[in-house]
Amino acid sequence: MKLTRVETFKDVHKGFFAPDGKRIALLDQTFVDIIETATARKLFRLERDDATLLGVSFSPDERSIAIAYRIKNSTIKVGIWDVASRQEKLTLPVDDDDWRRDVDDLSFTPDGGLLASNIGGIARLWNVATGKEERRFPAPEELGRVEAERALLSPNGETLAVYFSHAVVIWNRNTGQARVLRTELYRDWRFSSDSKLLVLTALTQKGEPTEHSATEIWNVATGQRDKVIEVPREWRGAYTVSFAPDSKFLVIGGFRKFGVFSVERGELLVTETHHRSGFFEDSELPNQLNRVDFSPDGKMLLTSGDDKTVQLWRIDL
């Protein structure tokens with residue numbers, strides 16, 4: 001396996017492939033640029049002058065884009081934008097005043113009719129046509145009175161994963177069954193494309209001198225941890241993670257470095273450097289990767305870093 005850098009996009013924080021892979025959304029604090037993947041040409045821009053943008057997600061048919069944003073450094077909202085008109089057509093009727101909470105796990109059901117979010121500390125499904133709340137997912141009694149910190153729908157729309165303090169709960173939306181996964185979600189999580197696996201970066205040995213982040217793979221059907229993958233020590237932990245479309249490979253991003261691993265063997269197959277520090281740069285923050293993303297056909301890879309660059313890579317098997 002070989003990785004070849006194809007393009008570097010500067011002054012943006014995160015990159016997201018559209019469902020068909022033909023376009024890329026590049027997220028900055030004040031705008032979202034939609035880029036043509038094949039040519040790296042900017043197609044259009046969505047922006048709000050009064051807000052800081054936090055997260056973005058394409059609807060399955062790519063006619064809409066969900067954007068989470070913070071207004072005046074306080075209130076957090078989620079809006080649904082129409083791609084054709086470039087306008088925000090709907091704003092979810094709820095605010096979130098906890099600036100510490102991540103709200104960038106915006107995920108749609110396969111038909112694009114519902115959107116999952118944890119805004120307001122409550123995991124909910126929203127009707128994106130009407131803006132009405134369809135269903136909410138409170139913490140099981142055994143977890144006590146805790147708020148939802150993250151919420152993520154599986155690609156088939158049948159499973160909703162919600163992170164509460166110290167545990168991930170996965171709900172089967174068809175049966176209502178809930179399983180509690182005792183793990184500490186650290187920075188990132190994704191479902192496999194077939195919705196059978198959930199991968200996350202997790203804190204291990206919390207509170208100990210050896211505390212660090214590793215990658216855990218969980219079986220959705222059984223609620224069991226199938227595998228733990230450690231990254232090289234010089235990566236200083238696992239920050240972000242994503243499955244390849246066939247679920248055979250996993251890309252993990254750490255400190256400066258990222259790599260593609262075999263899911264079956266947990267073996268590091270290839271590694272590359274996303275960020276090379278400047279001569280006078282002594283802060284660790286710009287060296288961390290914050291998002292990685294396989295293209296839907298598995299032939300391309302996006303890496304995003306706190307150095308405010310997004311890089312597009314070609315994968316040669």
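Reader: How many salt bridges does the structure hold?
Author: The count comes to 15 salt bridges, and keep in mind that this is a predicted model.

Reader: What makes Asp105 and Arg150 a salt bridge?
Author: Their side chains meet at 2.4 Å, N to O. The cut-off is a side-chain nitrogen of Lys or Arg within 4 Å of a carboxyl oxygen of Asp or Glu, so Asp105 and Arg150 at 2.4 Å qualify. Asp105 sits in the loop between β9 (87-91) and β10 (107-108), while Arg150 belongs to strand β14 (residues 150-153), so the pair ties together parts that are 45 residues apart in sequence.

Reader: Why are Asp105 and Arg150 called buried?
Author: Buried means under 20% relative accessible area. Asp105 has 9% and Arg150 has 5%, so both fall under that cut-off.

Reader: And what makes Arg182 and Glu142 a salt bridge?
Author: Same kind of test: the closest N and O atoms of Arg182 and Glu142 are 3.0 Å apart, and the rule asks for within 4 Å, so the pair passes. This pair also links distant parts of the chain: Arg182 is in the loop between β17 (178-181) and β18 (185-191), Glu142 is in the loop between β13 (133-137) and β14, and 40 residues separate them.

Reader: Why is Arg182 called partly exposed and Glu142 exposed?
Author: Exposed means over 50%, and partly exposed lies between that and the 20% limit for buried. Arg182 has a relative accessible area of 48%, so it is partly exposed. Glu142 reaches 57%, so it counts as exposed.

Reader: What about Asp188 and Arg190: what makes them a salt bridge?
Author: Their side chains meet at 3.3 Å, N to O, and with the cut-off at 4 Å the pair counts. Both residues are buried.

Reader: Which residues are joined with Asp188 and Arg190 into one network?
Author: Arg291 and Asp293 are in there too, through salt bridges that share partners.

Reader: Back to β14. How do you know that both of its faces are covered?
Author: Look at the residues on each side: Arg150 and Leu152 are on one, Ala151 and Leu153 on the other, and all are buried.

Reader: What makes β14 and β15 paired strands?
Author: Two strands pair if there are at least two bridges between them. β14 and β15 (residues 159-164) have four, in the antiparallel sense, so they qualify. In β15, Val162 is the bridge partner of Ala151. The two strands form a hairpin with five residues between them, and Gly157 in the turn has a positive phi of about 75°.

Reader: Why are β1 and β26 called edge strands?
Author: Their sheet is an open one of four strands in the order β1-β28-β27-β26, with antiparallel pairing. β1 (2-10) and β26 (289-294) each have a single partner strand, so one side of each is left without a neighbour in the sheet. Neighbouring strands here are turned by 20° against each other on average, direction ignored. As for the partner of β26, five bridges join it to β27 (residues 300-305), running antiparallel, and Val292 stands opposite Thr303 in β27.

Reader: Which strands are at the edges of the sheet that has the order β18-β19-β20-β21?
Author: That open, antiparallel sheet of four strands has β18 and β21 (224-229) at its edges, each pairing on one side only. On average, neighbouring strands in this sheet are turned by 25° against each other, direction ignored. β18 and β19 (residues 197-204) are joined by four bridges and run antiparallel, with Trp189 opposite Leu200 in β19.

Reader: What makes the largest cavity a cavity rather than a pocket?
Author: In a cavity a 1.4 Å probe fits but cannot get out, while a pocket is open. The largest cavity holds about 30 Å³ of space. Val78, Val103, Asp105, Leu106, Ala116, Ser117, Asn118 and Ile119 line it, so Asp105 from the salt bridge turns up again. By class, the lining has five nonpolar, two polar and one charged residues.

Reader: Which classes make up the lining of the second largest pocket?
Author: That lining divides into four nonpolar, two polar and nine charged residues. There are 15 lining residues, with Asp102, Glu149, Tyr163, Leu185 and Tyr186 nearest the centre, and the space comes to about 320 Å³.

Definitions and conventions
Residues are numbered from 1 along each chain as its sequence is written. This is a predicted model: local features need pLDDT of at least 70, side-chain atom pairs count only at pLDDT 80 or more; totals for chains, interfaces and linings use all residues. Side-chain values use heavy atoms; hydrogens and water are left out. Axes are lines fitted to C-alpha atoms, for helices over the stretch in contact, and angles run from 0 to 180 degrees between N-to-C directions. On a 1 Å grid over the protein atoms alone, a cavity is a set of points where a 1.4 Å probe fits but cannot get out, and a pocket is an open set with protein on both sides within 12 Å along at least five of seven lines; lining residues have an atom within 4 Å of a point. Grid points are joined across faces, edges and corners, and a volume is the space filled by probe spheres set on the points. Ala, Val, Leu, Ile, Met, Phe, Trp, Tyr, Cys and Pro count as nonpolar, Asp, Glu, Lys and Arg as charged, and the others, Gly among them, as polar. Buried means under 20% relative accessible area, exposed over 50%, partly exposed in between (1.4 Å probe, protein chains only).
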